[in-house]
Every structure is written in C-alpha cells, then in structure tokens.
Amino acid sequence: MQLITSLTDIVHICYSPYESRSPKTILRLYNQCFIFAIMSRTVFGIPSKMTARKFFGSHFHSLTIHAPESFRIFNLKSIVTEQEERCVGDLRRVSETTSNRQAGQIVDNAIMRVTTQQQFAYKQDSFPIQDSSISKQARLLPPRPRTTFSADLIKNRSVLVSAHLKKDFRSLSVARMWWMWEGGNVVFIDGPEDPPVHGEGPPFHNFRSSSLKKRLSYLQDIWIFILDLLRMVCIDLGC
C-alpha cells in the first residue's frame, strides 16, 4: 500500500497545475520519489526473468531521480506528452493503411487525414475527458498525510537516507521549518494543510532565472555549509 500511495502522490504532483508548484511540493516530490524507489526495491526485489538494470531502467531512473530535480525549476505538467503521443500513433496508423508507402506522399496524406479526423471525430476531446475522470477518482482518496521516514528506514538504510538528504538541503535546515522528530521518526512538514512557503527559505527558482546545473551547484554549496556547521557543533560539544 505504501508503494501505491507514493506512486499516486507522485502522479498527483507531476500533473498538478503550475500554480500549485511551491517549495513544499518540491520537497514532497523528492521524498515520495525516494520512498517509491525504496518500496519498489523491497516489493519487487531482484527480477528473475530480466536483469535488474533492465527492470529498473531509464524510466524508473528518470522518475525517481530526474523528475524532482527538474521540478525545481519548472512545472512537470508542461512536458506531459500524452496528447502528442496519441498524434504520433494516429500518424503511423494512417501512413500504414492509407498511403502507397512512397516517401514523397506519406507526409501530405497523413497530415490531411489526421487533421480531418481531429476536426470531426470525438478523439479530440478524449484527453480532457480522461483527465477529468482521473481527477474525479483522485478526489475520492483520503487526505495525504505528511511524509514520514520511519526509524527503521533511517537505521537500516542510513546510507541511502544520507544520500537523499544531500540532494535536498531543506530536510536539514537549521531552523527545522520543514521537518520534526516524532516518536523516533522524521516527519516532513509537507502535508496538505501545511504552508507551501516559509520566510526562512529555501528560495524558489524557475527556468527563467536558473538552470539545473546552477541549482545542483547551489545545493552542493548548501550541503558543504551544513556539514561544516555540524562539524563545528560537534567540536564545541566534544563529540
């Protein structure tokens, strides 16, 4: 159930409108992608009929690693390609069934027929109808709680948790406005009722003023600062 819940949360964030993107949703997407990756490895284990590299391939890697990184600077719904993929499928089908397979005639024939089909067929409204149906089902789900890293996860997967926290410095913010301890678990302040932005940070970037390279370099600098700060605290405490 945790695997399904995480995937549902990921889909919800990835398909949310531009206005819903905030530091809180970026943090939540990072955390949910991490939980989904851990749960996938736990539930599916090592596949028996194919290699792990093929099973957990480029799509899995893109979702769990690159999706939250990209979400830092632009809304992921802007790169959804379902409708475009439908057009590619229609173009291929029309080219295979209604053309003479001559290169000079395929393009004009396919464009004319697909354009006519979209003007008069019901398929032009299929994506809004599907999107509406999915949204109605999603609203029936219970409110999503705050993301929680259990004490067992932190203890048994400490290396992975540390690598995850390195990618998002908000979880280690000194002001602790984004997380708290609760019964030995780490609870992130990313629930539906929590504020989307805190005055203490982190700053909110977009593709007009930043890039993935700049953003990752910025996070690396923050991580080094946090490590130096923790090192100074340990020296002061004699640990």
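**A nonpolar surface patch, a salt-bridge network and a nonpolar core**

On the surface of this predicted model, the residues Val43, Phe44, Met50 and Phe55 come together as a nonpolar patch. Their accessible area adds up to about 360 Å². Val43, one member of the patch, sits in helix H2, which covers residues 23-44. Val43 counts as exposed because its relative accessibility is 53%, and the cut-off for that word is over 50%.

It helps to step back and look at the whole chain. The chain holds 10 helices and 3 strands. Read from the N terminus, the order of these elements is α-α-α-α-α-α-α-β-α-α-β-β-α. Of the 239 residues in the chain, 33% are buried. The chain exposes about 15,500 Å², and 61% of that area is supplied by carbon and sulfur atoms. Contacts across the sequence also deserve a look: among those with a separation of 6 or more, 71% join residues that are 24 or more positions apart.

Leu27 offers a concrete case of residues brought together from distant places in the sequence. Leu27 and Trp178 are 151 residues apart in sequence, yet their C-alpha atoms are 8.7 Å apart in space. Leu27 belongs to helix H2. With a relative accessibility of 0%, Leu27 counts as buried, since buried means under 20%.

Charged residues come next. Side chains of opposite charge can pair when their charged atoms come close. How many salt bridges does a search of the whole structure find? The search finds 4. One of them joins Asp9 to Arg28, with 2.6 Å between the closest N and O atoms. Asp9 lies in helix H1 (residues 2-14) and Arg28 in helix H2, so this pair ties together parts that are 19 residues apart in sequence. Both Asp9 and Arg28 are buried.

Asp9 also forms a salt bridge with Arg144, where the closest N and O atoms are 3.0 Å apart. Arg144 is in the loop between helix H7 (126-139) and strand E1 (148-149), whereas Asp9 is in helix H1, so this bridge ties together parts that are 135 residues apart in sequence. Are the two partners buried or exposed? Asp9 is buried, with a relative accessible area of 2%, while Arg144 is partly exposed at 32%.

Arg28, in turn, forms a salt bridge with Asp190, and here the closest N and O atoms are 3.1 Å apart. Because Arg28 lies in helix H2 and Asp190 in the loop between strand E3 (185-188) and helix H10 (212-237), the pair ties together parts that are 162 residues apart in sequence. Asp190 is buried, as is Arg28. Put side by side, these pairs form a picture: Asp9, Arg28, Arg144 and Asp190 are linked in a network of salt bridges.

The nonpolar interior can be described in a similar way. In soluble globular proteins, nonpolar side chains tend to be buried together. The largest nonpolar core of this model has 32 residues, and Leu29, Leu76 and Phe149 are the ones that touch the most other members. Which elements each supply at least two residues of this core? They are H1, H2, helix H4 (58-71), H9 and E3. H2 gives the most, with 11 residues. Setting aside residues up to four places away in sequence, Leu76 touches Cys14, Leu29, Ala67, Ser70 and Phe71.

Helix H9 (residues 158-167) shows how burial can be arranged around a helix. Its buried residues are Val161, His164 and Leu165. Seen down the axis of H9, these buried residues fall within an arc of 100 degrees, so they line one face of the helix. A general rule gives some background: an α-helix has 3.6 residues a turn, so residues three or four places apart point the same way.

A last stop is Ser6, which is found in helix H1. Ser6 counts as buried because its relative accessibility is 2%. Apart from neighbours within four places in sequence, Ser6 is in contact with Gln32, Ile35 and Phe36.

How values were computed:
Residues numbered from 1 in each chain as written. Predicted model: local features only at pLDDT ≥ 70, side-chain atom pairs only at ≥ 80, totals over all residues. Heavy atoms only, no water. Patch = residues over 30% accessible without salt bridge, like charges linked within 9 Å, V, L, I, M, F, W, Y side chains within 5 Å. Areas by Shrake-Rupley, 256 points an atom, 1.4 Å probe, with all protein chains shown as cover. Salt bridge = Lys/Arg side-chain N within 4 Å of Asp/Glu carboxyl O. Helix = DSSP H or I, 4+ residues; strand = E, 2+ residues; numbered from the N terminus. Buried < 20%, exposed > 50% of the residue type's maximum accessible area, 1.4 Å probe, protein only. Arc of directions from axis to C-beta. Core = buried A, V, L, I, M, F, W, Y, C linked by side-chain atoms within 4.5 Å. Contact = heavy atoms within 4.5 Å.
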